[in-house]
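Here is a short briefing to read alongside the model. Have the viewer open as you go, and let's start with the overall fold before turning to the ligands.

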Amino acid sequence: MLPEQKDILWTFLSMAFTVFALYAFINVVRHAREREGVNGKFWGTVFAGFLVISFLETVHMFDLVQGEQLLFFFKYIVLTVFLLLLSWGIFFKSEKIEDQSPPIIRGFFFWMAVSVSLAGYTNWLPQQRSDPPPKETAIAGDLTMEEYAEMGRVIVFGAKQVAGQKSIGKGQCPLCHTFDPGDNIGRCPNLFGVEERSHTRVKEERYATSPVKIGDAEPATGVVKGKPDQIPAAYKRAGSPDLIGEDYLRESLMCPTCYVVEGYGKEGDTKSPMPVISKPPISLSPVELNAVIAWLQSKDNPGDYSKVTVPLPTAGSGQAKEEKPAEDEGEKPVFVTGNEPIDEMINTLGCPLCHTIPGVEGAVGALGPVLHEKINAPKRIKDPNYKGKATNTKEYVKESILTPSAFVVFNEEAGESFPDGLMPQDFKNKLSIDALDKLVDFISQTQPQG
Ligand code: HEC
Ligand code: HEC
């Protein structure tokens, strides 16, 4: 699925449940009116309460993106309906309205009971925790592999979920990648099963020669392909020089163009649009990079760390000492106020991961159009397919940042549109008004250099 997509099924079901809560409310009020001695006020309030809660939950569903919707549905909505049915049954029994509650309640109740126990069971299984990540400074002590992989997870997703924003950590991976089975429509490979793939990739014929030959240095990063013993010392693993799965994962992060997953590259799969994770703007340190690998190797089987081959960082291994003290990155929402220098603003927002932006060092992203807006914007507005509201360059740039889907740019090089929905739709939550003005001013004057 594309990054900001919502799941229609769960939203629809929660709407259906709200209608159901309304039905229950009306049904109870009717029974209370028809009979004497029934405490109509009490029961009316209880069922009105359920109706309001269901309604608010449904509204909340619209703020969530796919994965969270599923979780919210099974954690809260199903529970609400379960309690509603329980109360409905009790209402019928306690007020002696009928010996048995009507079949619709019993049938629904059974179904709900099964769902709740299933949800309870999956919750009971080992799962991702959301408590604070182990700090790098704590590395001096003993770290377990579970804590180390958790550090990797936090680098990928951030420590805290921020309402209205997708969870994205310092590593920025979820900007492009998906992680759940079947979640396959993105422009970047789904990373489910990547641990397993890491072992077979290095044995592919394609790996040996394309786009760089094993033993050759990839020009942009200088990484020598398929030679773990020639990786820069700080990132190098100990042990045999044979190529193992861990090396493939490390190479994917340090030299994306060393091997380009078929169908996901540029220029006939000879160039990867993925940023080099060990270089700016993401710049993961060796300890962080290994933490991400530890997470990649263990995420598909929660609680099982037997496939993890990266070593734990140790206090004595000069490696850990070079680390800066932990910053609280990922624990606060991404937000720029406009007081930052423009480069810093743009890097914080992550634009360079997808865009090449003249005048911003290291902004060589290739998933979106090159930002030459001084020239592009007037062209777009004149495009017969343009349906947006902008009448000048600044308005067009502002529109592109706040509502990227207002106009989806055609990629002339590839002969097809750029993917709609890839550019995050929630920048409005990450920018102050000042910051937006500053960003629009800067992007509006970008043009080819030299
Ligand atoms: C700007 C988008 C982008 C970001 C950010 C990004 N990737 Fe990628 N990644 C890609 C694309 C596109 C590919 C496929 C092309 C290739 O093989 O390099 C890819 C490929 C990969 C692969 C190889 C997958 C396979 O099936 O062999 C791995 C592993 C990977 N990324 C991990 C990561 C991790 C971990 C992060 C975060 C630290 C990350 N990526 C951040 C776009 C991105
Ligand atoms: C995950 C990748 C991604 C990120 C991050 C991203 N963009 Fe985009 N952007 C795209 C894609 C893909 C398009 C083309 C599709 C479309 O028009 O919606 C695009 C289109 C645009 C356009 C229209 C370009 C044109 O020539 O018409 C502008 C302007 C733009 N982005 C600015 C930004 C800015 C500023 C940021 C950071 C605040 C940013 N983008 C972050 C992927 C991204």
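Helices (H or I, at least four residues) and strands (E, at least two) are DSSP runs, numbered from the N terminus. By that count, the protein chain of this predicted model has 13 helices and two strands. The points below go from the chain as a whole to its two ligand shells, its main core and one helix.

**The chain overall**
- Of the 450 residues in the protein chain, 32% are buried.
- Among contacts with a separation of 6 or more, 59% join residues 24 or more positions apart.

**Around ligand 1**
- The shell around ligand 1 holds 31 residues, and the closest are Gly171, Cys173, Cys176, Ser272 and Met274.
- By character, this shell around ligand 1 has 23 nonpolar, six polar and two charged residues.
- Two helices, H6 (194-201) and H8 (245-254), each give at least two residues to the shell around ligand 1.
- Ligand 1 lies between domain 2 (136-298) and domain 3 (342-444), because both domains contribute residues to its shell.

**Around ligand 2**
- Ligand 2 is surrounded by 32 residues, with Cys351, Cys354, Gly368, Phe418 and Met423 the closest.
- Helices H11 (373-382), H12 (393-402) and H13 (433-444) are the elements that supply two or more residues to the shell around ligand 2.
- The residues around ligand 2 comprise 23 nonpolar, six polar and three charged.

**The largest nonpolar core**
- This core numbers 37 residues, and Ala291, Val292 and Ala294 have the most contacts inside it.
- Helix H5 (145-157), H8 and helix H9 (286-298) are the elements that give two or more residues to the core.
- H9 provides the largest share of the core, with eight residues.
- If you would like one residue to center your view on, try Ala291: beyond its neighbours within four places in sequence, Ala291 is in contact with Tyr148, Met151, Gly152 and Ile155.
- H8 is worth a second look, as this helix appears both in the shell around ligand 1 and in the largest nonpolar core.

**A closer look at H12**
- Which residues of H12 are buried? They are Thr393, Tyr396, Val397 and Ser400.
- Viewed down the axis of H12, these buried residues fall within an arc of 95°, so they line one face of the helix.
- The buried residues of H12 pack against H11 and H13, and these three helices are also the ones named for the shell around ligand 2.

How values were computed:
Residues numbered from 1 in each chain as written. Chains lettered and ligands numbered in written order. Predicted model: local features only at pLDDT ≥ 70, side-chain atom pairs only at ≥ 80, totals over all residues. Near = placed C-beta within 6 Å. Nonpolar A, V, L, I, M, F, W, Y, C, P; charged D, E, K, R; others polar. Domains from an automatic or database assignment. Core = buried A, V, L, I, M, F, W, Y, C linked by C-beta atoms within 7 Å. Buried ≥ 20, exposed ≤ 12 C-beta atoms within 10 Å, placed from the backbone. Contact = placed C-beta atoms within 7 Å. Arc of directions from axis to C-beta.
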